[in-house]
Amino acid sequence: MAVARLDALVGHTSSGNKRARMTSQTEDKADRLSELPEHLIDHILSLLPIKDAVKTSMLSRKWRYRWTTLPELVFDDLCAPTSSDAQSSNSVLGKIINDVLLIHTGPVRKFVISHKKFHADAEIGRWLYYLSRVSLKVLVLNFSVGHCCKTLSSLFSCQHLVNLKLSRCSVNLPSTFGGFKHLKRMELSLCSLSQDGLERLIMSCPLLEKMILKSVDWHISRLHITAPKLRCLILIGTFNLKDVRFGANRLTEVGVCFPKDINESGRGYVNQSYSNLVDFFDQLPLIAVLQVRNLLKCWSCGDMPEKLPSPCLYLRTLRVYVDFGSEKEISIVLCLLRSCPELRGLQLKACPSSGQRNADAGYGFWERHRSPHPLLQLRAVAIFGISGSRLELGLIRFVLGNSPLLKKMFIVGPVPSTSQLLKDLLQIERASPHAQVVDLDAKDIIPDKFFRTFLSLHED
């Protein structure tokens, strides 16, 4: 029986003596466990890995098959050993998934496979066919490194999906595919699919609100987005996308992160979709959050206006990777600061690929940028990787001197708190009487906690 096989796979023994001892030891606890409300039992089971949830069947009669109604099934490295024997790990996890689905009852709201050694192509079609019949809402398939799983047509039968995340999958849309009518979030990472297939997939999701593309098929060079409800678009490592058109004019959050080895000139990878600063922002009239990495190199190839013809009236958070040794990239930062009258939070991170900086960079630069500037609305600023160059200090002086509402400026990097540089920073004149300059060591920062703190500072 499937139950017996599951008991063996998760570490149970069939020994009668051991089972008797376990029963005796838990006899006095069984009643109390059985008296727990059903919703509380379900909550406890939902917090356990599937392997441990199966083990609870030994606690009492009331718990015996309770785990078989779990609406969320997560099969990860905790379910099967991640030994050097990939074939063994693959076989064990495949049997566990088969047995769980065989005796599972009720709907499955969430189904996750994320295991370092798993690549069961032969089984995935059958599992997806079963899931398409149980009102699946969330599907995550993350297969082993070096293996690209072929997702079969049964995936596209899961018509109740709201959240879809595929990693290392080969996606082929069937001719009969009518779209995911309820899908709101989609993430594709290291996936293989055609250019037309990607555009068709996006177009067939009328409720899509968030899309993340990470290193998609290198054959894809064009992406014309047709998604009327799309609010968030993240492109990571997709440097072969030479032609991107943001047809979704409701986008409020955009991230474009090129790999760090993009060529120094920024050319060869991109066309006007990226290299024209004005065109980029013209396509994003409602942008509120923007993160760009290694995109300033592309923008510096084209014209660099002092400010954008049309201001970004809704941009409130800007995160930029910048070469602090490049006058062109600093000029783009200044252009954005002048063009975003509602900007509240600014994060600047030094590009790791900046290389050898020009010792003469910055001479005369700030003298040429002494013209009057509108006061900035910044509340919080974080600068990562500061080294003390003239351009950096000038930019810090510019921000502190033009931000009357600033609360905190975080300086994050290798600069020790006793350095002369920090002393110089503390003496810079500030437009805000409440502005604090805080020195932090990068290794002491907890990213999620820092980000929450940063957001709280510039939220009204």
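How many helices and strands are there in the chain? The chain has 15 helices and 18 strands, where helices (H or I, at least four residues) and strands (E, at least two) are DSSP runs numbered from the N terminus.

The structure is a predicted model, in which local features need pLDDT of at least 70 and side-chain atom pairs count only at pLDDT 80 or more, while totals for chains, interfaces and linings use all residues. Residues are numbered from 1 along each chain as its sequence is written, and side-chain values use heavy atoms, with hydrogens and water left out.

**Exercise 1. Describe the surroundings of strand β12.**

Solution.
- Step 1: Strand β12 covers residues 253-257, and 4 of its 5 residues are buried (under 20% relative accessible area, 1.4 Å probe, protein chains only; exposed means over 50%, partly exposed in between). The strand is therefore largely enclosed by the rest of the structure.
- Step 2: Strands pair if DSSP finds at least two bridges between them. β12 pairs with β10 (residues 232-236) in the parallel sense over 5 bridges, and 5 bridges also join β12 to the parallel strand β13 (residues 289-293).
- Step 3: C257 of β12 stands opposite I236, and R293 is the bridge partner of C257 in β13.

**Exercise 2. Locate S204 and determine whether S204 is buried or exposed.**

Solution.
- Step 1: S204 lies in the loop between α8 (195-203) and β8 (210-214).
- Step 2: Its relative accessibility is 14%, so S204 counts as buried.
- Step 3: The side chain of S204 reaches the backbone oxygen of R200 at 2.7 Å.
- Step 4: Leaving aside residues up to four places away in sequence, S204 touches F177, G178, G179 and F180, a contact being heavy atoms within 4.5 Å.

**Exercise 3. Place Y314 in the chain and classify its accessibility.**

Solution.
- Step 1: Y314 is situated in the loop between α11 (296-299) and β14 (317-322).
- Step 2: Y314 counts as partly exposed because its relative accessibility is 46%.

**Exercise 4. Characterise the chain as a whole.**

Solution.
- Step 1: Of the 460 residues in the chain, 48% are buried.
- Step 2: Among contacts with a separation of 6 or more, 69% are made by residues 24 or more positions apart.
- Step 3: The accessible surface of the chain (Shrake-Rupley method, 1.4 Å probe) comes to about 21900 Å². Carbon and sulfur atoms account for 53% of that surface.

Notes. A polar contact is a pair of N or O atoms within 3.5 Å; within protein, one must be able to donate a hydrogen and the other to accept it, and residues adjacent in sequence count only if both atoms are side-chain atoms.
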